[in-house]
Amino acid sequence: MRDYANLFRLDGRHAVVVGAGSGIGRESALALAAQGARVTCADRDLDAAEETTNLGNPADPVPSVAAQVPSQLTSYELDVLDPAAIERAVAELGEVDVLVFTAATNVRKRLLDYTGDEFDRVVALNLRASFDLVRTFGKAMAERGSGSIIGFSSIRATTVEPGQSVYAATKAGLVQLLRTAAAELGPSGVRVNAIAPGVVETPLTEQIKAHPDWYSAYAEKSALHRWATPDELAGAVVYLASDAATFVTGSVLHVDGGWTAVDGRFEPPN
Ligand SMILES: NC(=O)c1ccc[n+]([C@@H]2O[C@H](COP(=O)([O-])OP(=O)(O)OC[C@H]3O[C@@H](n4cnc5c(N)ncnc54)[C@H](O)[C@@H]3O)[C@@H](O)[C@H]2O)c1
């Protein structure tokens with residue numbers, strides 16, 4: 001019988017979380033470490049990554065123990081817009097069992113107002129950097145014969161509204177990139193999946209929170225009638241990283257409070 005009591009444990013695994021300095025990446029790093037993984041908190045913003053590391057590591061480790069046992073969380077400076085830095089990270093970080101990447105950006109603007117530079121900036125981070133991460137870490141995982149890659153898409157991969165054009169296109173593109181990676185790396189034992197969050201309160205969505213009407217319209221859209229907090233995404237990451245998901249690859253896991261399931265515009269009278 002399988003060890004169901006420990007189905008989600010990640011003891012002995014090494015997880016790299018890119019974007020661990022904020023929001024969903026931070027909570028994912030903390031949750032993976034809580035399940036026993038050694039976690040590298042990678043981010044362009046090293047101070048932010050270190051804040052995550054400090055949140056997850058015991059405040060006063062016993063010095064003699066700390067000297068022998070590596071911390072569960074360590075920080076690492078990585079700008080994923082630099083393909084050579086990704087190559088370096090793969091060489092420096094050693095064997096990686098789990099790669100989670102969350103770094104992304106959005107320019108909320110109507111299509112006709114978008115500039116070419118804005119298009120390039122959103123595509124460079126959301127799509128090109130994801131491509132570089134998947135192929136570089138994925139190659140090393142395939143050579144070892146195992147690994148789990150988890151990328152962050154969005155409800156915007158399937159449903160849009162005015163102002164989401166390029167972001168939505170990158171998030172839909174990411175799903176197809178990850179599905180193809182799942183097809184190509186599956187025979188080598190590497191699983192590749194996407195998580196599609198709904199609206200989550202993080203620095204990425206601060207612009208929306210500043211407008212009460214916009215904020216509450218988003219809250220009302222989901223079946224749960226509220227926003228998510230970033231820790232509510234961490235369970236999906238742990239699941240896809242763990243042996244609970246050994247037969248799960250090429251999938252898109254929606255964690256959206258029912259946003260994409262419901263198209264309710266009117267409540268029929270009883
Ligand atoms: N917040 C939401 O409502 C929401 C909804 C749907 C999808 N998502 C997706 O979830 C993911 C995480 O979103 P979040 O809200 O936690 O974002 P966030 O902005 O809070 O965090 C992103 C992190 O990525 C880091 N980063 C940015 N550029 C980088 C670079 N070049 N190299 C390395 N690190 C870099 C930032 O420093 C930051 O720590 C994103 O892919 C986002 O598109 C978020």
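## A parallel sheet and the helices around it

Helix 6 (residues 165-185) lies across strand 5 (147-152), strand 6 (190-197) and strand 7, and its direction makes an angle of about 160° with strand 6. That is a good place to start looking around this predicted model.

The three strands under helix 6 belong to an open sheet of seven strands, which are paired in parallel and ordered 3-2-1-4-5-6-7. At the edges sit strand 3 and strand 7 (252-255), each with pairing on one side only. From one strand of this sheet to its neighbour, the average turn is 20°, direction ignored.

Now move to the strand 3 edge. Strand 2 and strand 3 are joined by five bridges in the parallel sense. If you would like to find a residue pair there, take Ala-42, whose bridge partner in strand 3 is Tyr-76.

Helix 2 is worth a visit next. Which residues of helix 2 (residues 46-56) are buried? They are Ala-49, Thr-52, Thr-53 and Gly-56. Seen down the axis of helix 2, these buried residues fall within an arc of 100°, so they line one face of the helix. The general background is friendly to this picture: an α-helix has 3.6 residues a turn, so residues three or four places apart point the same way. The cover over the buried residues of helix 2 includes the following elements.

| Element | Residues |
|---|---|
| Helix 1 | 23-34 |
| Strand 2 | 38-43 |
| Strand 3 | 73-77 |

Strand 2 and strand 3 thus appear twice in this tour: they pair with each other, and they are included in what covers helix 2.

One loop residue also deserves a look. His-225 lies between helix 8 (212-221) and helix 9 (234-241). Its phi is positive, at about 55°, although His-225 is not a glycine. Most residues other than glycine have a negative phi. Is His-225 buried or exposed? It has 11 C-beta neighbours inside 10 Å, and so His-225 counts as exposed, the cut-off for that being 12 or fewer.

Finally, step back to the whole protein chain. It has nine helices and seven strands. Its radius of gyration is 19 Å, close to the 18 Å that the globule rule gives for 270 residues, so the chain is as compact as a globular protein of that length. The C-alpha trace spans about 65 × 45 × 40 Å along its principal axes. Of the 270 residues, 41% count as buried. Among contacts with a separation of 6 or more, 74% are between residues 24 or more positions apart.

Key: Residues numbered from 1 in each chain as written. Predicted model: local features only at pLDDT ≥ 70, side-chain atom pairs only at ≥ 80, totals over all residues. Buried ≥ 20, exposed ≤ 12 C-beta atoms within 10 Å, placed from the backbone. Helix = DSSP H or I, 4+ residues; strand = E, 2+ residues; numbered from the N terminus. Arc of directions from axis to C-beta. Contact = placed C-beta atoms within 7 Å. Rg over C-alpha atoms; globule rule 2.2 N^0.38 Å. Pairing = 2+ DSSP bridges. Axes fitted to C-alpha atoms, helices over the stretch in contact; angles between N-to-C directions.
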